[in-house]
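Let's take a friendly walk through some helix packing and the enclosed spaces of this model. Have the viewer open as you read.

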Amino acid sequence: MDISLFQLFILCATIAVVLGFGIRAARSVHSAKGFSVGGRSAGVPLVAGGIAGTCVGGGATVGTAQLAAVSGLSAWWFTIGSGVGLIIMGLFYARPLRRTALETIPQFLSQHFGLACGVFSSIISSIGILFSAVASCLPAIYIIAAIFGIPFFPATILLILAVAAYAFFGGMKSAGVGGILKMAVIWVTMAIAGIMASHSLFASPAFSAALPEGTFNLLHGDTAHILANFSSVVIGMLCTQSYIQAIFSASNPRTASVAAFTAALISLPVGLPCAMVGIYMHTAHPEITPILSLPVYLLTEQPPLLGGIAMGGIMLSLIGSIAGLSLGIGTMLSRDIFHRARVTLRARKIHKIASRPELQEIDILEIPTANHPWHLSELTVTRLIVLATIALSAFIALANEGSQVLFWNYLSMALRSGGIFLPLSFAIFLPHTVSHRSATLSMALSTGAALAAVFLGAAGNPLFFGLAVSAICLLPCLLFHRGSGLTSD
């Protein structure tokens, strides 16, 4: 993929400006809570920027163009699903979640179903979100390697460094600021690119004649498969820590709800111009590797200045998505596992050494930790987990080069939704109707069913296998709740 020095300069300058604003915002972050939820003072722009900046990543841009080159306009369903999921979040989920003043989904589940359920949900959510990060790492590695003419391994290292600069210091505040700037670039440049690609397609009789039948039919192909993938995205949006974390950072419940609607309006249309570019490139340049359809179009078919800015926006969409997803994992593992383990160890130590009655009144969180084996601050631990997640997702992508970007997105949505969606919804809308044991069993068995469906190659979306098993575990509690008054084990 050829790129001029001018385009390379514009691309790097676009990325540098956004990263600079994000790092500048990081100067006010001095605590774990400030890192994970931005001090819980964000307005609509920052919350919507954090959500849209994370969900508009590799799948929404490069992955949509890649799939459109093969399947046509039906590739748009991914960002349609993201938008619909955010609308549902704004209508039903954002306000009750924000009212809790928590930081993670597992904390919310722990309040309703016990500690074991919360810890388990943290682990399975982290695995599912990791696959979404892989989906954005794949095209990012390809693009960096193609632009600089380097092998995939050094391209992977460059990607890790760029994402770390985006998220390591400022957390949610950097993600929100970067998301706003990134989406402004993406919206303008992708709209222009989509219009130009559409004009090229329909202005040329040769191109129009070469288009396969059903190219512009949203339901072209296996309709059941398309709708299943759409459902997995919608449900996945409601169960993902990275998006809910932005909701928790809102200054109040109303802000959280309005921000979800705003993020939906931002993210839903993005897939359409990307799909049009993919269709055009498949028709005009079938020799181009599908995953590079969008980058090659921007650098060869657009004016140099616009193409350079657009490529900077695409790289930012990938970097921001990886960073936001990694931040979600880092917050969950730090708050729900590391923090709990450290508090437990402190409690045990106090129990062993306490010889005076007044020591029993001391808050264990105030005990000095300088000599504690886990003496690192929670902020440092969160940052290290975020960095490790970034590196792990990048190297998984490196090991799976050539795979479909949206495959990882749909797999991620299915795995993290199958086990969490129903327990989370029961906790919000029908509290005290499901026992602790049933909720935990539901998560374990439904996640196992989804994984088995993936690795055994079962026909159908793994999400529905997981949801079916989850429903089997939970519905009896609902049916017998009124008669038995069951709230816990």
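## A word on contacts

Two residues are in contact here when they have heavy atoms within 4.5 Å. Please keep in mind that this is a predicted model.

## Helix α3 against α13

Let's begin with α3 (residues 44-55) and α13 (residues 253-267), whose axes come within 8 Å and cross at roughly 45°. The two helices are therefore oblique to each other. As for handedness, the crossing of α3 past α13 is right-handed.

Which residues make this contact? On the α3 side they are Val-44, Val-47, Ala-48, Ile-51, Ala-52 and Cys-55. They meet Thr-255, Val-258, Ala-259, Ala-260, Thr-262, Ala-263, Ile-266 and Ser-267 of α13. Sorted by class, the contact of α3 with α13 holds 11 nonpolar and 3 polar residues, with no charged ones.

## Helix α3 against α12

Helix α3 also packs on α12 (residues 241-248), at an angle of about 170° and with the axes 8 Å apart. Angles over 145 degrees count as roughly antiparallel, and α3 and α12 are therefore roughly antiparallel to each other.

Here Val-47, Ile-51, Thr-54 and Cys-55 of α3 meet Ser-242, Tyr-243, Ala-246 and Ile-247 of α12. The contact of α3 with α12 comprises 6 nonpolar and 2 polar residues, and no charged residue takes part. Val-47, Ile-51 and Cys-55 are worth selecting in your viewer, since they appear in the contact with α13 and in the one with α12.

## Helix α5 against α19

Now move to α5 (77-99) and α19 (residues 421-429), with axes that come within 10 Å and cross at roughly 70°. That angle makes α5 roughly perpendicular to α19. Their crossing is left-handed.

From α5, Phe-92, Tyr-93, Pro-96 and Leu-97 take part, meeting Phe-421, Leu-424, Ser-425, Ile-428 and Phe-429 in α19. By class, the contact of α5 with α19 has 8 nonpolar residues, 1 polar residue and no charged ones.

## The largest cavity

How many cavities of 30 Å³ or more does a search of the whole structure find? There are 2, and the largest has a volume of about 100 Å³. It is lined by 17 residues, of which Cys-55, Phe-78, Tyr-243, Ser-321 and Asn-409 are the closest to its centre. Two of these names are familiar: Cys-55 in α3 and Tyr-243 in α12 also belong to the contact between those helices.

Which elements give two or more residues to this lining? They are α3, α4 (59-71), α5, α7 (115-148), α16 (304-353) and α18 (405-418). Helix α7 supplies the largest share, 3 residues. By class, the lining of the largest cavity has 8 nonpolar, 9 polar and no charged residues.

## The second largest cavity

The second largest cavity has a volume of about 40 Å³. Around it sit Leu-138, Ile-141, Tyr-142, Phe-152, Ala-397, Leu-398 and Glu-401. At least two lining residues come from each of α7 and α17 (378-399), and the largest share, 3 residues, is from α7.

What classes make up the lining of the second largest cavity? The count is 6 nonpolar, no polar and 1 charged. Helix α7 thus links the two cavities in this account: the largest share of the lining is its own in the largest cavity and in the second largest.

Methods. Residues numbered from 1 in each chain as written. Predicted model: local features only at pLDDT ≥ 70, side-chain atom pairs only at ≥ 80, totals over all residues. Heavy atoms only, no water. Axes fitted to C-alpha atoms, helices over the stretch in contact; angles between N-to-C directions. Helix = DSSP H or I, 4+ residues; strand = E, 2+ residues; numbered from the N terminus. Parallel < 35°, antiparallel > 145°, perpendicular 65-115°, else oblique. Left-handed = near helix turned anticlockwise from the far one by under 90°. Nonpolar A, V, L, I, M, F, W, Y, C, P; charged D, E, K, R; others polar. 1 Å grid on protein atoms, 1.4 Å probe; cavity = no way out; pocket = protein on both sides within 12 Å on 5 of 7 lines; lining within 4 Å. Points joined across faces, edges and corners; volume = space filled by probe spheres on them.
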